[in-house]
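Visitor: I would enjoy a close look at a single part of this structure. Could you pick one helix, walk me around it, and then show me how the rest is put together?

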Amino acid sequence: MSFQPVKFYQTGTFTVGNRLLPDNERSVQSTVRRTNSLNSGHRACQGCGEALGARYAIDAAMEVTNGQLIAANATGCLEVFSTPYPETSWQIPWVHSLFGNTAAVATGIAAALRVKGRSETRVVAQGGDGGTTDIGFGCLSGMFERNDDVLYICYDNGGYMNTGVQRSSATPPAARTATTAAVGPTPGNPFGQGKDLPAIAMAHNIPYVATATVSELRDLEAKVRRAMEFRGARYLHILVPCPLGWGHDSSLTIRMARLAHESGIFPVFEAENGEVTGVSKIRRQVPVEEYLKPQKRYAHLFAPRPREDVIRRIQEAADRNIRRYRLLEEA
Amino acid sequence: MRKPFAITLDPGSSLANHTGSWRTLRPEYLDRLPPCNNACPAGENIQAWLFHAESGDYEAAWRSLAQDNPMPAVMGRVCYHPCEGACNRAHLDSSVGINSVEHFLGDEALKRGWKFDPPAPPTGRKVLVVGAGPSGLSAAYHLARLGHAVEIHEAGPMAGGMMRFGIPKYRLPREVLDGEVQRILDLGVVLKVNAKVDDVMATMKAGGFDAVFLAVGAHIAKRAYIPANEAAKIMDAVQVLRGMEGESKPLLGRRVVVYGGGNTAIDVARTARRLGAEEAMIVYRRTREKMPAHDFEVQDALEEGVLIKWLSTIKEAGEGAITVEKMALDEKGVPQPTGEFEKLEADSVVLALGQDVDLSLLDRVPGMRIEGGVVEVGPNMMTSQPGIFAGGDMVPAERTVTVAIGHGKKAARHIDAWLRGEAHDPGPKHELATFDKLNTWYYSDASKTVRPMLDLQKRVTSFDEVVMALDETTALFEARRCLSCGNCFECDNCYGVCPDNAVVKLGPGNRFRFNYDYCKGCGVCAAECPCGAIRMVPEQI
């Protein structure tokens with residue numbers, strides 16, 4: 001893994017900061033010099049995981065590039081809540097064009113910088129799971145295939161949240177959305193559909209692919225830093241819980257991301273040139289129920305009658321992740 | 001009015017959008033009372049001094065500790081650490097070794113010669129302290145730091161009280177005690193030894209004292225009637241342990257029987273082993289579970305070969321032998337005689353059945369309320385006679401060094417207020433930082449470091465200290481196991497996890513502040529605060 005946890009300084013590297021660590025071992029988010037790329041006053045919901053994930057990732061990218069960064073942004077929550085014309089929360093050069101063309105816009109910016117010989121200025125593209133796995137998928141695959149010098153960051157909250165929580169191809173099985181009602185013999189989003197975009201990105205054999213969550217800040221920052229060490233197409237997929245769409249209390253955003261990791265539902269790993277090079281191990285394994293229960297999008301699995309069969313299938317998928325990515329073995 | 005093509009509005013920052021108005025719950029920083037502090041009889045702010053120790057600033061840690069307790073090196077050896085019993089970390093792996101860190105800090109202070117902060121300017125008031133035990137020394141220290149002139153009158157030949165004449169050397173080396181006593185005297189406290197106070201009113205008048213703190217301790221051994229012939233050698237624990245401080249050590253013989261089940265009985269039995277007794281046996285009328293002695297002390301004694309005869313009373317003592325009767329616990333747990341007798345060889349019998357207080361110095365004080373052999377005091381440690389305060393073993397309380405030191409501090413604060421014609425108000429206690437207030441995910445896994453022990457052979461043949469101190473590295477590690485329950489330790493979590501950048505970091509030592517203009521009240525900061533130093537309260541809408 002790019003990130004080596006500190007063994008023991010009271011809270012080690014689990015917390016955002018740690019007064020006992022030397023300055024150079026502290027996180028970007030713990031410092032007052034962080035960019036706050038996404039500034040206060042944005043209109044995201046209370047406890048928004050995406051707002052948090054975006055600030056974590058872009059602040060880290062700003063730190064590694066010494067502020068030489070341009071971002072292209074897909075349509076979606078992140079764009080809508082941050083930039084209602086003519087106001088913006090972004091404190092970096094930031095471009096929004098359409099829902100589906102973000103990867104192409106970023107490719108264009110990278111090409112322009114290359115022509116101008118501005119190799120120190122780096123490009124990120126960012127969008128939600130809808131703009132990435134559905135609408136912008138063609139442009140993204142093209143960007144990967146051409147190995148354009150762009151870091152693409154997908155903030156995955158598992159649906160089209162700002163338009164009223166519709167299903168996307170990143171919505172997990174059994175989750176209720178406005179378009180996958182909790183009715184019938186297989187309530188919620190069907191099993192066996194959707195896209196595993198990190199795996200698809202790896203199949204393009206691009207230099208760097210990684211997943212992260214907002215519950216592991218230090219790991220996330222290390223992955224942004226590592227991604228910026230490569231030239232070419234890179235992909236970072238960040239799980240960002242959505243209190244609105246997932247139906248959990250706004251205070252539980254980070255806890256939900258942590259439980260997704262600790263249950264095996266969301267494997268956190270990194271891969272170089274198509275090969276997995278590191279995984280974030282599960283520290284205290286929990287059954288998937290612990291992750292599912294606080295979320296109203298899974299309420300139909302627990303009442304009026306418990307759907308143990310469905311929960312078992314979700315557990316099986318988590319167990320498969322654990323086996324596949326060796327999430328439980330000793331490092 | 002001139003704008004570029006297709007542009008109609010000026011660009012603006014979202015900072016104009018004060019999202020704080022969305023809030024229904026408001027986060028607030030608070031300090032909760034850590035369970036260790038709550039459990040400390042000396043009122044130490046343990047979390048606060050560990051905070052300094054965590055960063056390796058041992059002097060700051062010691063100074064913070066010494067604000068409440070002037071004898072950390074003694075404490076680190078003889079305190080029964082109720083703090084560790086209350087420690088939240090016990091729910092995770094095992095409690096923080098608070099006592100061992102205190103031990104380390106106390107030794108560090110003696111080694112480096114750290115002195116107390118200078119006292120406040122003189123107040124011109126004079127306070128008499130009777131007794132130079134832990135309570136008296138603690139009171140003297142606090143009074144001196146507040147600027148009062150303090151004189152201690154001690155009946156014995158040296159300061160220390162039960163710390164010297166009750167606690168054996170292998171638990172508390174005398175140079176440690178002497179070092180910590182001297183540091184208190186260096187504040188300008190006057191110590192008069194071999195100065196027994198027979199009439200407290202007369203002494204106060206003669207010396208022109210404005211107030212007095214009585215802490216004479218409990219030095220009279222309780223006796224039990226045991227039929228004995230003249231050749232039987234019967235002593236008491238106070239005699240034996242006091243005798244250890246003199247030139248000629250007590251002669252106990254090869255087979256020693258100690259009668260009683262408290263920590264003193266254990267101390268005597270372990271002392272007997274060290275004096276060369278082949279057999280040191282404790283006779284106690286109840287079971288191990290019911291024994292008042294601490295289990296770890298019982299364990300240490302058993303390791304050293306001390307024998308314990310449970311459920312037994314001494315019926316008779318003769319020359320070279322005693323007769324014990326077996327007891328059985330009835331349904332209420334009270335031992336009842338069984339009529340079964342047994343003869344045991346014994347060269348001497350030491351009674352360790354508790355101690356009484358010599359209250360003769362109060363004979364001429366009118367209206368002094370005495371109940372069950374101890375002096376009644378109010379919540380301010382004052383007796384029924386204005387200006388006469390009392391603490392330690394002579395007032396109703398658990399009889400430990402730590403409780404005594406706590407009394408001394410408390411009394412000093414009340415005496416100080418009383419001298420100014422005021423009442424000391426310690427203010428309301430913070431709410432308790434219970435385990436459910438913590439988010440323990442964030443703490444690193446780390447098991448407890450235990451202090452090294454002297455090897456067994458040396459333990460039974462010498463009076464060398466049994467429990468040794470942690471070294472710097474291990475003490476630092478142990479300090480860093482602290483969860484800092486209920487008190488911000490600046491981990492930056494709230495600053496990092498706020499999706500709205502509504503937490504302002506104020507820099508090292510200054511913690512954080514909420515920016516309520518933008519805080520939407522999501523509660524992520526409170527949920528992710530490891531130590532429970534943030535609470536959510538309903539917003540007034």
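Guide: Let's start with what covers the buried residues of helix 3 of chain A: the cover includes strand 1 (69-73), strand 3 (94-96), strand 4 (122-128) and strand 5 (151-156), together with helix 4 (129-135) and helix 5 (137-146), of chain A. Keep in mind that this is a predicted model. The buried residues beneath that cover are A:Thr102, A:Ala103, A:Ala104, A:Val105, A:Ala106, A:Thr107, A:Ile109 and A:Ala110. Helix 3 of chain A runs over residues 102-116, 15 residues in total, and reaches 21 Å from its first C-alpha to its last, close to the 21 Å expected at 1.5 Å a residue. After the helix comes A:Gly117, with a positive phi near 75°.

Strand 5 of chain A, one of the covering elements, also leads us onward. The loop between strand 5 and helix 6 (197-203) of chain A holds A:Met161. A:Met161 counts as buried because 27 other C-beta atoms lie within 10 Å, where 20 or more are required. Leaving aside residues up to four places away in sequence, A:Met161 touches A:Cys77, A:Cys242, A:Leu244 and A:Gly245. Of these, A:Cys77 sits 84 residues apart from A:Met161 along the chain, yet their C-alpha atoms are separated by 6.9 Å.

From here we can step back to the nonpolar interior. In soluble globular proteins, nonpolar side chains tend to be buried together. Here the largest nonpolar core has 244 residues, and those touching the most other members are A:Ala57, A:Ile238, B:Ala140, B:Val212, B:Leu214, B:Val258 and B:Val350. Helix 1 (residues 49-64) of chain A gives the largest share of this core, 9 residues. For B:Val212, the residues touched, not counting those up to four places away in sequence, are B:Val127, B:Leu128, B:Val130, B:Val200, B:Met204, B:Gly387, B:Ile388 and B:Phe389.

That brings us to chain B, and to the place where the chains meet. There, 42 residues of chain B are in contact with 39 residues of chain A. On the chain B side, strand 1 (12-13), helix 17 (493-497) and helix 18 (524-528) each supply at least two of the touching residues. This side of chain B divides into 21 nonpolar, 12 polar and 9 charged residues. Strand 1 of chain B also pairs with strand 2 (residues 87-88) of chain A, in the parallel sense and over 2 bridges. Within that pairing, A:Thr88 stands opposite B:Ser13.

Seen as a whole, chain B has a C-alpha trace spanning about 120 × 55 × 50 Å along its principal axes. The chain contains 18 helices and 22 strands, and 48% of its 541 residues count as buried. Among contacts in chain B with a separation of 6 or more, 72% are between residues 24 or more positions apart. The domain assignment gives domain 1 (14-31 + 488-538), domain 2 (38-114 + 443-479), domain 3 (126-219 + 357-419) and domain 4 (231-352). Taken over C-alpha atoms, the centres of domain 1 and domain 2 of chain B are separated by 34 Å.

Chain B has a helix 3 too, covering residues 58-66, where B:Tyr58, B:Ala61, B:Trp62, B:Ser64, B:Leu65 and B:Ala66 are buried. Those buried residues pack against helix 2 (46-54), helix 4 (72-78) and helix 6 (98-112) of chain B.

Finally, follow the strands of chain B through two hairpins. Strand 12 (residues 312-318) and strand 13 (residues 321-329) of chain B run antiparallel and are joined by 6 bridges, with B:Ala317 and B:Ile322 as bridge partners. Between these strands lie 2 residues, and B:Gly320 in the turn has a positive phi of about 75°. Strand 13 then pairs with strand 14 (residues 335-345) of chain B, in the antiparallel sense over 8 bridges. In this second pairing B:Ala321 stands opposite B:Glu345. The hairpin of strand 13 and strand 14 of chain B has 5 residues between the strands, and B:Gly333 takes a positive phi near 85°.

Terms used. Residues numbered from 1 in each chain as written. Chains lettered and ligands numbered in written order. Predicted model: local features only at pLDDT ≥ 70, side-chain atom pairs only at ≥ 80, totals over all residues. Contact = placed C-beta atoms within 7 Å. Helix = DSSP H or I, 4+ residues; strand = E, 2+ residues; numbered from the N terminus. Nonpolar A, V, L, I, M, F, W, Y, C, P; charged D, E, K, R; others polar. Pairing = 2+ DSSP bridges. Domains from an automatic or database assignment. Core = buried A, V, L, I, M, F, W, Y, C linked by C-beta atoms within 7 Å. Buried ≥ 20, exposed ≤ 12 C-beta atoms within 10 Å, placed from the backbone. Expected span 1.5 Å × (residues − 1).
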